[in-house]
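Please walk through the model below, beginning with contacts at aromatic rings and moving on to the cores and the strands.

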Amino acid sequence: MFKKDIPPSNRSKVKSSVQRGLRQKLLETYPGFEPYIEEIMPKKGSLEAVKLPDRVTLYTIDSTPLFFQPFDGPPIPHLKVIHQFPSALPTIQIDRGAIRFVLSGAALMAPGLTSPGGRLPDKENALEAGQVVAIKAEGKEEACLVGMLKVGTEEMKSKGKGVVMDEGHYLGDGLWKMQLD
């Protein structure tokens, strides 16, 4: 999604009524952020919207990226926010062999999650297609990718192959490297 460096094309302050709506949308979409919402988006904070290519908006406070929102999708937390609050989003794990592919922007494939180094939730905690998740790498502490699942975790386990996430925000991509100062 953000393979190249991204120059911000347009930056604007967000009105307080819009900020309240975005805050509410974020909590509805990601209830795990509720205990941290005041720290992430203080009510008195000055939220800015940065228009990016491909009809994506990045929301920041004090030049700190919070989340980005594709034109036709939900707000997705920036990896820096996920690193700060790692338990706020559901997490799955890729094996060591998938790391270099993920960090080069390749689509996330089921074998990287279903092999011995991968980790998916049990059936009672299964994740559904369309759900935004953080992806950790085997042997690493922090998430390396965040994005929306194309298929649910139970389908991943049963098929064991295919694309499970087309694109997302990963460590080292244009969104990660973006300078907002």
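This is a predicted model. A useful starting point is Arg55, which lies over the face of Phe71 at 3.8 Å from the ring centre. A second lysine or arginine placement of this kind involves Lys80, which lies over the face of Trp176, at 5.1 Å from the ring centre.

Rings also meet other rings: the structure holds three aromatic pairs. One of them is formed by Tyr59 and Phe67, with 5.0 Å centre to centre and 35° between the planes. The pair counts as tilted because that angle is neither under 30 degrees nor over 60. Tyr59 is buried, at a relative accessible area of 10%, and Phe67 is buried as well, at 1%.

The next topic is the packing of nonpolar side chains. In soluble globular proteins, such side chains tend to be buried together. Here the largest nonpolar core has 34 residues, and the members that touch the most others are Phe33, Met41, Leu47, Leu58, Leu66 and Leu89. Several elements each supply at least two residues of this core, among them helix 1 (16–29), strand 3 (56–61), strand 4 (64–70), strand 8 (132–137) and strand 9 (143–148). A second core, separate from this one, has 21 residues, including Ile92, Ile94, Val102 and Val164.

Helix 1 also carries Gln24. With a relative accessible area of 43%, Gln24 is partly exposed, since the buried class ends at 20% and the exposed class starts over 50%. The C-alpha atom of Gln24 is separated by 9.7 Å from that of Ile37, 13 residues apart along the chain.

Strand 9 can be followed to its neighbours on either pairing. Five of the six residues of strand 9 are buried. Strand 9 pairs with strand 8 in the antiparallel sense, over five bridges, and one bridge partnership joins Lys136 to Ala143 of strand 9. Five residues lie between the strands of this hairpin, where Gly139 takes a positive phi near 85°.

Strand 9 is also joined to strand 11, through three bridges, and the two run antiparallel. Which residue of strand 11 is the bridge partner of Val146? The partner is His169, whose place is in strand 11 (residues 168–170). His169 counts as buried, at 0% relative accessibility. The side chain of His169 is joined to that of Asp173 by a polar contact of 3.0 Å. His169 thus links two descriptions: a bridge to Val146 and a side-chain contact with Asp173.

Notes. Residues are numbered from 1 along each chain as its sequence is written. This is a predicted model: local features need pLDDT of at least 70, side-chain atom pairs count only at pLDDT 80 or more; totals for chains, interfaces and linings use all residues. Side-chain values use heavy atoms; hydrogens and water are left out. Rings of Phe, Tyr and Trp (its six-membered ring) pair if their centres lie within 6.5 Å; planes under 30 degrees apart count as stacked, over 60 as edge-to-face and the rest as tilted. Buried means under 20% relative accessible area, exposed over 50%, partly exposed in between (1.4 Å probe, protein chains only). A charge sits over a ring if NZ of Lys or CZ of Arg is within 6 Å of the ring centre and within 35 degrees of the ring normal. A nonpolar core is a set of buried Ala, Val, Leu, Ile, Met, Phe, Trp, Tyr and Cys residues joined through side-chain atoms within 4.5 Å. Helices (H or I, at least four residues) and strands (E, at least two) are DSSP runs, numbered from the N terminus. A polar contact is a pair of N or O atoms within 3.5 Å; within protein, one must be able to donate a hydrogen and the other to accept it, and residues adjacent in sequence count only if both atoms are side-chain atoms. Two strands pair if DSSP finds at least two bridges between them.
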